[in-house]
Amino acid sequence: MKLILFGPPGAGKGTQAKMLIDKFNIVQISTGDMLRDEVQSETELGKSAKFIMDRGDLVSDDIIFAMIKKRIQMSDCNNGFILDGFPRTLNQAIGLEGLLEDLKIEIEKVIEIEVDENLLLERINKRALEDKNTRNDDNSLILKNRINVYKKDTVPVIEYYKSLRRLNTINGTQSIEKVFQDIVKIL
Ligand code: ADP
């Protein structure tokens with residue numbers, strides 16, 4: 001099972017991805033997690049990405065694309081994967097099309113978890129208060145920027161899949177279990 005999962009920051013994308021990988025025995029390809037690993041390991045890539053991520057802006061398409069190209073060809077992806085946090089720009093989406101064509105891989109489902117902006121801010125503020133290991137980019141000011149970046153760069157990608165009639169939209173304001181059920185139904 002190969003899918004793309006879209007959702008704004010705070011939509012619960014990570015939670016759903018974890019539940020899906022357990023149920024379907026597939027892997028999660030999260031560009032955000034991959035970048036945070038690079039930052040943690042203090043690699044050159046990590047050092048250059050850190051400031052951009054801390055601001056809530058997007059890392060360059062070239063870096064992301066090189067990471068994905070390598071990751072998607074690893075053998076653990078054969079049984080299926082969830083693209084989480086990628087493609088995030090139209091340029092990345094076009095690049096992905098070419099890559100998938102070259103590798104003869106087909107994405108079966110494109111899913112968007114939709115959540116209203118006010119609820120997102122509420123959720124993330126709560127998370128910032130509760131979690132001591134808060135991500136550097138998880139405070140409300142930066143979050144606002146992440147939401148704006150999402151609207152500006154990623155909503156056009158969602159519109160693109162919609163225009164191809166490939167988009168499935170799920171109501172992300174429901175309980176975690178209900179959102180999960182809705183996704184499983186589509187799959
Ligand atoms: P979110 O919780 O908003 O979904 P992620 O964990 O996916 O965020 O990503 C965190 C940060 O990593 C982003 O704000 C961005 O700086 C960087 N990033 C992750 N994926 C991409 C991508 N596909 N293109 C550019 N930047 C990315």
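Me: Of the 18 residues around the ligand, which come nearest?
Reply: Keep in mind that this is a predicted model. The ligand has 18 residues around it, counting those with a heavy atom within 4 Å. The ones that come nearest are T31, R36, D57, G85 and Q92.

Me: How far from a nitrogen atom of the ligand is the polar side-chain atom of T31?
Reply: Let's take the polar side chains in turn. R36 puts a polar side-chain atom 3.0 Å from an oxygen atom of the ligand, while Q92 has one 2.9 Å from a ligand nitrogen. For T31, the partner is a nitrogen atom of the ligand, and the distance is 2.7 Å.

Me: How much of the ligand's accessible area does the protein cover?
Reply: On its own, the ligand has 550 Å² of accessible area. With the protein around it, the share that gets covered is 95%.

Me: Which helix gives the most to the shell around the ligand?
Reply: By class, that shell has 7 nonpolar, 4 polar and 7 charged residues. The top helical contributor spans residues 31-40 and supplies 4 residues. That's helix α2.

Me: Are helices α4 and α5 roughly parallel or roughly antiparallel?
Reply: Helix α4 covers residues 61-72 and helix α5 covers residues 90-103, and their axes come within 11 Å and cross at roughly 25°. Angles under 35 degrees count as roughly parallel. So α4 and α5 are roughly parallel.

Me: Is the crossing of α4 and α5 left-handed or right-handed?
Reply: It's the pair whose axes cross at roughly 25°. The crossing of α4 and α5 is right-handed.

How values were computed
Residues numbered from 1 in each chain as written. Predicted model: local features only at pLDDT ≥ 70, side-chain atom pairs only at ≥ 80, totals over all residues. Heavy atoms only, no water. Polar contact = N/O pair within 3.5 Å; in protein donor to acceptor, adjacent residues only side chain to side chain. Areas by Shrake-Rupley, 256 points an atom, 1.4 Å probe, with all protein chains shown as cover. Helix = DSSP H or I, 4+ residues; strand = E, 2+ residues; numbered from the N terminus. Nonpolar A, V, L, I, M, F, W, Y, C, P; charged D, E, K, R; others polar. Axes fitted to C-alpha atoms, helices over the stretch in contact; angles between N-to-C directions. Parallel < 35°, antiparallel > 145°, perpendicular 65-115°, else oblique. Left-handed = near helix turned anticlockwise from the far one by under 90°.
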